[in-house]
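Please open the model in your viewer with the sequence panel beside it, and keep a selection tool ready. The tour below moves from one selection to the next and says what is to be found at each stop.

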Amino acid sequence: MSNLVARVNGVEIKRSDLENAIQGYAIEQLRKTADQLSDQELSELRQLALEKLLARELIYQEALLYGLVAGEELIDEEKSKIIANFPNEDEFYATLKKAGIDAISYHRMLRQDISVNMMSEKKIADLPDPGVDEIQALYDEHPEKMLRRGRVRASHILIKLTEGNEEKALLKIRDLQGRVDGQNFAELARQHSDCPSSTAGGDLGWFRRGDMVKQFEEAVFALDIGTISDVVATQFGFHLIKLIDREEDTPMSLEEATPQIIKLIKNENGAIMLKDWVDELKGRANIEFFDH
């Protein structure tokens, strides 16, 4: 089996590039490593990764022609956003290592991704804003999208999972579950939680759907204010979650929704333009595929 999956204008896309991309998308989109993916998830991410690699390489080659290459500050900023999805920086790099991605390779992947985004943004920057009638029509046709999304504020106690400590971690969280109540939750979080939020009594602040991993999100949004969840298992460990406050979805006025509508329409038009542009780049490029 070839160690190449494709060659784009003479630039090789190696099998290791594809596997690293799959690992990267698994971590960023699903917060899993490839060995944790179902067969369907793996198949979908493999196809996505290959398409993204081809498009990324084509756009990156254009970015190089325009001199649009991401600097270190932008790369560090993006990396910080991704690390924020993990309990701490060490856990992030441990997950990368487990996925077989070294820090230098990941840094290079981010540089290319950000440069591609910069080039893509340049390409769609001149798209015109939609007209008043188009904005009004979208507002009227999609009231379900014209909402200020609800959010919750919650605290949690985390007992981290490490290799070989599953039983011990479960016993500890069960012990805390038997002791915790609405009054002592913050104090027990300060004393026992393995999350950096422990210093704030476990307070995670406000967040919306999509901000947390699926198991955590489903549990917290099902709670009533002031109540505490059963034990919730995620890839980070075992959690007890207390819902502090909740804000429900509320309809937005046309004036409030207009910036969101403009962004939505421009994103949709931009996606169409970029797809056409990538198809054009593919048509001009010399692309060879190998068995993958």
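Which residues have the most contacts inside the largest nonpolar core? Select Phe92, Tyr106, Phe207, Val220 and Ile241, which hold that position in a core of 29 residues. As you look, bear in mind that this is a predicted model.

Now colour the elements that feed this core: helix H3 (72–83), helix H4 (89–98), H5, strand S4 (151–160), helix H9 (214–221) and strand S7 (237–247) each supply at least two of its residues. Apart from this core lies another one, of 28 residues, and Val8, Ile22, Ala34 and Leu37 are among its members. In soluble globular proteins, nonpolar side chains tend to be buried together.

Return to Tyr106 and show what surrounds it: leaving aside neighbours within four places in sequence, Tyr106 is in contact with Glu28, Ile82, Phe92, Leu96 and Ile101.

**The whole chain**

Zoom out for the overall frame. The protein comes to 10 helices and 9 strands, and its C-alpha atoms fill a box of roughly 65 × 55 × 35 Å along the principal axes. Of its 292 residues, 39% are buried. Among contacts with a separation of 6 or more, 71% are between residues 24 or more positions apart.

**Helix H10**

Next, select residues 254–284, which form helix H10. Does the distance between its ends agree or disagree with the span that its 31 residues should have? At 1.5 Å a residue the helix should span 45 Å, and because its end C-alpha atoms are 44 Å apart, the two values agree. The helix nevertheless has a bend of about 30°, which you can find by centring on Gln260.

With H10 still selected, show the side chains of its buried residues, namely Ala257, Ile261, Ile265, Gly270, Leu274, Trp277, Val278 and Leu281. To see what the buried residues of H10 pack against, add helix H2 (39–66), helix H5 (103–124) and helix H6 (132–141) to the view.

**Salt bridges**

The next stops are charged pairs, of which the model has 20 that count as salt bridges. Side chains of opposite charge can pair when their charged atoms come close.

Begin with Glu62 and Arg284, whose side chains meet in a salt bridge at 3.9 Å, N to O. This pair links distant parts of the chain, since Glu62 belongs to helix H2 and Arg284 to helix H10, 222 residues apart. Are the two partners buried or exposed? Glu62 has a relative accessibility of 15% and therefore counts as buried, whereas Arg284, with a relative accessible area of 52%, is exposed.

Move on to Glu91 and Lys160, which form a salt bridge at 3.3 Å, N to O. Here too distant parts of the chain are linked, with Glu91 in helix H4 and Lys160 in strand S4, 69 residues apart. Glu91, at 24% relative accessibility, counts as partly exposed.

For a pair within one helix, select Lys275 and Asp279, whose closest N and O atoms are 3.1 Å apart in a salt bridge. Both residues lie in helix H10, 4 residues apart, or about one turn of the helix. Lys275 is exposed, with a relative accessible area of 51%, while Asp279, at 35% relative accessibility, is partly exposed. Elsewhere, Arg7, Glu12 and Glu288 are joined into one network by salt bridges that share partners.

**Strands S4, S6 and S7**

Now display strand S7 together with S4, with which it pairs in the antiparallel sense over 10 bridges. One position to label is Val152, whose bridge partner in S7 is Arg246. Strand S6 also runs antiparallel to S7, and 3 bridges join the two. Label Thr234 to see it opposite Gly237 in S7, and then follow the hairpin that joins S6 to S7 through 2 residues.

**Ser229**

The last selection is Ser229, in the loop between H9 and strand S6 (232–234). With a relative accessible area of 8%, Ser229 is buried. Which residues does Ser229 contact, leaving aside its neighbours within four places in sequence? Show Gln177, Leu223, His239, Leu240 and Ile241, which are in contact with Ser229 on those terms. Ile241 brings the tour back to the largest nonpolar core, where it was one of the residues with the most contacts.

Methods
Residues numbered from 1 in each chain as written. Predicted model: local features only at pLDDT ≥ 70, side-chain atom pairs only at ≥ 80, totals over all residues. Heavy atoms only, no water. Expected span 1.5 Å × (residues − 1). Bend = angle between axes of the 7 residues up to and from the residue. Buried < 20%, exposed > 50% of the residue type's maximum accessible area, 1.4 Å probe, protein only. Contact = heavy atoms within 4.5 Å. Core = buried A, V, L, I, M, F, W, Y, C linked by side-chain atoms within 4.5 Å. Salt bridge = Lys/Arg side-chain N within 4 Å of Asp/Glu carboxyl O. Pairing = 2+ DSSP bridges.
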